[in-house]
Amino acid sequence: MSDETPVAVRLTGIGKRFPGVIANDDVNLTVHPGTVHAVVGENGAGKSTLMKILYGVQAPDSGTIEVEGNQVSFSSPADAIDVGIGMVFQHFQLADNFTVLENIVLGAEKLHGTGERARRRIRELASAYGFAINPDALVEHLGVGARQRVEILKVLYRGARIIILDEPTAVLVPQEVDELFDNLRELKAEGLTVIFISHKLDEVLKVADEITVIRRGTTVDTVVPADVTARDLATLMVGSELPSPATEVSTVTDQVLLEVSGVGLVDPHGGRDLLTDIRFTIHRGEVLGIAGVEGNGQSELVEVIMGIRHSPAGTIRLAGREISDESTTRRRETGIGYIPEDRHRHGLLLDSPLWENRILGHQTRPPCSRRGFIDRAGARADTERIVTSYDVRTPGIDTHARALSGGNQQKLIVGREMSGDPVLLIAAHPTRGVDVGAQAAIWDHIKTARRKGLAVLLISADLDELIGLSDRIAVMLRGALVGEVDPRTVTPTQLGSAMTGAEVPA
Amino acid sequence: MRRSAKIMIAGMAASLVLAGCGTDDPDGPDTDPGTDPGTSEVKVGLAYDVGGRGDQSFNDAAAAGLDRAIADFGVDSTESSAIDGEPESAREERLIQLADAGFNPVIGVGFAYAGAVAKVAPQFPDTQFGLIDSTDAMGDNIANLVFPEHEGSFLVGAAAALKSETGKIGFIGGVNVPLIAKFEAGYAAGALAVNPDIEIESTYLTQPPDFSGFGDPAKGRTAAEGQFDAGADVVYHAAGGSGLGVFQAADTAGGLAIGVDSDQYHTVPSELQDVILTSMLKQVDVAVYDYIKSFIDGSPLSGEVVFGLEAGGVDYSTSGGLVDDIADQLDEFKRQIIAGEITVPDSM
Amino acid sequence: MIRVRSMLMTMAAPILAVALAVLITTVVLLAAGDPVGRVWGTIFSEPRPRNIVNIINSGSVLYLSALAAAVGFRMGLFNIGVDGQYRIAAFAAAYVAGQAWVPGILNIALAILTAMLVGAMWAGIAGLLKVTRGISEVISTIMLNAIATALVAWMLRSVAVPGSNNITTTPIPESSRVPGMALIPGAHNEIYGFVFLAVAAGLFYWVLLSRTRFGFNLRATGASESAAVASGIDTKKMILAAMLISGAVAGLVGMPLLFGDSYSYGVTFQPGLGFAGIAVALLGRNHPVGIAFGALLFAFLNEQANALQLQAGVSAEIVKVMQGITVLSVVIAYEVVRRANRAAEQRRVAAELARARAEATEVTG
């Protein structure tokens with residue numbers, strides 16, 4: 001590494017420990033100016049903690065931070081902003097009912113005021129970096145990609161020369177990812193430095209000039225894309241082979257298990273319909289994947305099938321029996337397992353022990369309850385079973401769900417929803433935010449159950465997962481199923497196009 | 001009103017009405033208030049209702065009586081007041097503690113102490129208990145110190161009707177309990193006796209068990225403003241501390257107001273004195289003082305003791321001179337009531 | 001081991017809170033120039049037998065009130081209306097019992113049933129409004145408290161026995177009164193026979209909440225409404241049911257007083273119990289045993305404070321300050337303990353993961 005020009009950022013021996021957990025240990029990172037530097041690692045490897053330290057959200061226990069040749073120490077993000085570091089978070093921090101201009105100047109009114117001067121500055125920045133954005137557009141009318149550009153503009157407006165992007169592609173479809181990368185190249189060309197956090201290796205290889213790999217809280221290597229393959233990176237990340245979701249032989253039978261026909265849903269707050277005339281079937285032993293950009297009705301579809309929302313029209317039949325008018329509890333009793341998309345909000349009681357979480361959704365059935373009373377012994381014993389056979393890493397079943405890592409929480413949910421031998425599993429983003437090991441385990445469980453005749457409705461934003469697990473993939477757009485693709489032939493790029501409304505490949 | 005055996009205390013009380021407060025009943029003293037203020041063996045225990053000393057109302061009147069007894073006889077004393085929302089047992093406990101500590105007599109201020117006195121008095125046969133405003137607890141060692149509030153209210157009702165130009169007057173009760181209804185009934189009867197066509201607006205500030213109506217000037221003001229707006233030009237309040245708001249409303253509206261319990265001409269800020277037509281005097285201080293005095297004299301009162309019109313236990317006040325022109329008519333009503341020619345109703 | 005430690009930490013919170021309350025109240029007393037030593041000497045003196053009886057009696061009433069509030073709290077409902085519910089229920093029960101339509105013990109049963117029904121109904125209005133119109137139960141129960149006050153005052157005047165400054169319902173006949181128990185030697189007064197009602201309600205609460213499916217659903221709804229819905233719980237039904245139960249328990253609050261002390265409902269019937277109950281429920285962390293301690297602590301403080309004016313010349317209201325601070329600090333202390341417990345748990349999970357990882361490396365390596 002050359003030391004002729006001062007480096008943009010140099011972290012030396014950074015350590016950070018939380019009670020009982022070492023989040024970062026001897027992290028060393030050198031970022032050169034005018035480059036895109038990727039930091040990759042599994043979920044929980046310590047990337048986020050490292051970036052929080054660099055952005056002044058948390059102070060390191062040990063080590064030094066150098067920015068543009070000067071040693072610095074931050075007590076708050078304001079200090080980091082002062083030396084020219086900006087951060088774009090994975091979850092956007094924008095006020096929907098404000099305009100782009102208002103969102104950008106919010107909290108930085110002192111720089112260029114809130115009026116014409118600010119508008120001029122935003123236009124300058126936008127044209128300098130090739131961002132097509134109208135300062136007076138309402139944020140709620142913007143797409144995800146545009147919102148992300150607003151976030152980046154926000155950071156640039158505050159004078160950032162070093163920009164940290166935390167998992168920026170997680171929310172984007174492939175076309176938007178390309179646009180983002182074009183933007184990043186513009187930034188780089190203008191001499192700005194980008195630190196890019198991701199675990200999507202293909203993307204990292206495409207855009208980064210240098211890649212630093214973090215594993216278990218420590219930096220294991222820094223490589224140049226030309227020298228490595230995605231497999232090499234993955235091996236560095238997990239220290240083992242990358243699992244693949246690919247299904248083996250088809251187990252699809254000719255028995256229709258779930259038949260949805262003519263289901264619709266009207267937005268109670270007005271506006272366009274949330275679901276329009278949805279029809280599909282799933283057979284025993286079949287996985288139907290639903291592809292679509294998030295917010296196109298997938299959540300609503302799941303809720304209608306679960307009986308959480310009620311469709312004014314159409315019918316839902318499970319194994320030939322109409323269930324449209326049945327309660328959620330009744331539907332669950334008939335054998336629907338449900339892995340909700342947001343495990344914290346819909347899947348768990350975070351401040352309850354694991355064995356009580358085992359009961360959730362199974363209140364009316366053995367082994368959790370008997371004649372209106374909770375069967376504590378039964379529930380506890382069955383929780384032990386799940387912990388063992390689904391490899392939930394926990395000190396015990398009295399541990400609160402909140403204390404577990406995301407992957408272990410999800411394994412508990414999967415174990416719970418697979419118990420009582422469901423005939424249909426609705427899995428919404430079953431491996432989102434889950435580490436590689438847990439991901440492989442969850443895929444295995446779904447595949448095993450499928451072999452035994454389980455029908456699965458799979459909703460996922462991870463196109464690899466969708467293609468790898470599904471027997472058929474239906475594309476959902478604006479509340480309607482707009483076409484079907486064959487997972488054996490479709491590529492992620494083609495699927496991405498289909499999701500944004502382009503012609504569906506035959 | 002109960003017509004059971006009662007002792008009418010005549011004159012004794014009247015002498016104690018504060019000089020300068022002025023009543024129209026200077027019957028002349030039967031007793032000499034200037035007894036040696038030296039030390040006395042007597043220890044008086046006073047148990048107030050919620051609000052205690054300093055409530056600008058009922059409890060303060062009792063406190064004033066005690067203060068005079070201290071000044072005149074040098075009695076020892078202890079005071080304790082109820083707190084809001086306390087259980088019945090707390091009132092009992094308060095009386096027990098006083099009696100236990102050797103206080104004698106023990107006075108319960110307010111009808112809320114009736115149940116407690118009924119329970120505690122038999123446990124302490126050698127202690128005398130005074131109970132103000134209630135005849136619910138009777139016994140050899142219990143004195144029920146009560147007032148015909150309706151009779152005094154009759155007089156101020158008559159005054160209101162005589163002074164009203166609009167033919168409409170108002171009444172504001174602090175809390176809607178039978179005791180305050182007595183004030184209202186007498187007031188209405190007095191007003192109707194003067195002018196059978198008079199209109200009477202009546203408002204109660206709160207409903208039990210919310211007793212805040214006795215201590216919330218803002219509520220009093222709002223209610224009085226409503227009555228003045230509706231055309232009333234004289235408003236009588238039986239609302240304790242809330243009365244201040246009534247006077248303020250009268251001041252703003254250019255109307256008149258009638259005070260209660262003490263001669264409020266002397267208790268309000270001076271800029272409000274002009275609005276006070278008269279006050280219905282309910283001499284709780286006199287009752288307390290007389291009761292303590294009777295104990296010191298060796299013949300403690302017991303049974304129902306009515307502090308009536310004749311004795312000046314209830315009366316109307318003349319400070320400020322606004323009723324000077326109608327004093328003759330009011331005194332005539334007073335005479336008729338005392339003589340039994342007029343029977344004042346004690347409930348609506 | 002872990003359970004014992006977490007239990008100790010749970011106990012630490014209220015004890016710390018009371019200590020903090022004593023400290024802050026001391027500062028208040030010092031600032032006011034009051035005799036600190038005599039105040040604490042009075043409050044923490046050994047209660048006399050009759051005081052012990054009073055503490056148990058008013059503790060039982062507070063306990064019922066706190067249970068009523070706790071039922072709501074466990075599912076995230078803030079039933080501020082316990083106050084109105086118990087008063088309107090006590091009035092109804094007093095009226096029914098006073099009429100003596102049925103004899104003796106049947107009359108008691110009828111009155112209690114009436115109280116529970118009326119309390120449940122009154123709370124149910126707030127429940128219905130929330131379920132059908134989305135009106136916050138906080139607002140509606142506060143309103144219903146005011147309406148209950150006016151309604152009871154009006155009804156009381158209509159049915160009252162005239163001739164006294166304290167209007168009351170017709171007294172309950174001797175045969176339908178609940179005799180007290182002279183359990184404390186040396187006390188003239190007796191413990192309410194209906195203390196057992198409080199104990200029974202506590203047991204019912206415990207079984208309902210921690211052993212039944214209904215209780216699980218209630219707690220799950222309180223812990224996470226979204227997760228409850230996804231699990232199949234009809235949260236609207238739960239809201240209504242919880243309000244009805246809370247109201248029915250609130251209906252019991254006045255029963256020990258009615259059948260053991262006043263024998264009628266009048267304007268001096270003890271007010272404010274509903275609000276005291278909310279504080280006690282917070283203090284007892286909605287746990288049936290915790291609430292019992294909280295109720296007894298509050299009753300103890302109230303009873304001991306009675307002598308403050310005589311012994312120390314300080315208004316008994318200082319004890320309200322102390323109670324307020326206790327509740328506030330207990331809420332804070334519980335939060336601190338909760339976080340400490342959570343951190344400790346995360347450490348244990350991390351240790352577990354590290355151990356598993358180490359084993360895995362040993363096997364593979």
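This passage describes the fold of chain B, starting with its overall make-up and moving on to one of its sheets. The model is predicted, so that local features need pLDDT of at least 70 and side-chain atom pairs count only at pLDDT 80 or more, while totals for chains, interfaces and linings use all residues. Residues are numbered from 1 along each chain as its sequence is written, and chains are lettered from A and ligands numbered from 1 in the order in which they are written.

Chain B has nine helices and 13 strands (DSSP runs, H or I of at least four residues for helices and E of at least two for strands, numbered from the N terminus). Of its 348 residues, 61% are buried, that is, with 20 or more other C-beta atoms within 10 Å of their own, C-beta atoms being placed from the backbone. Contacts are counted where C-beta atoms, placed from the backbone, lie within 7 Å; among those in chain B between residues at least 6 apart in sequence, 70% join residues at least 24 apart.

Six strands of chain B form an open sheet with mixed pairing, in the order β8-β7-β9-β10-β11-β13; two strands pair if DSSP finds at least two bridges between them. At the edges are β8 (199-206) and β13 (314-316) of chain B, each pairing on one side only. Within the sheet, β10 (residues 256-261) and β11 (residues 276-282) of chain B run parallel and are joined by five bridges, with Ile258(B) opposite Thr278(B).

Helices accompany this sheet. Helix α5 (residues 178-194) of chain B packs on the sheet and touches β7 (168-175), β8 and β9 (234-238) of chain B. The direction of α5 makes about 170 degrees with that of β7(B), where axes are lines fitted to C-alpha atoms, for helices over the stretch in contact, and angles between N-to-C directions run from 0 to 180 degrees. Helix α7 (residues 243-253) of chain B lies across β7, β9, β10 and β11 of chain B, at about 165 degrees to β10(B).

Terms used:
Two residues are in contact if their C-beta atoms, placed from the backbone, lie within 7 Å. A residue is buried if 20 or more other C-beta atoms lie within 10 Å of its own, exposed if 12 or fewer, and partly exposed in between; C-beta atoms are placed from the backbone.
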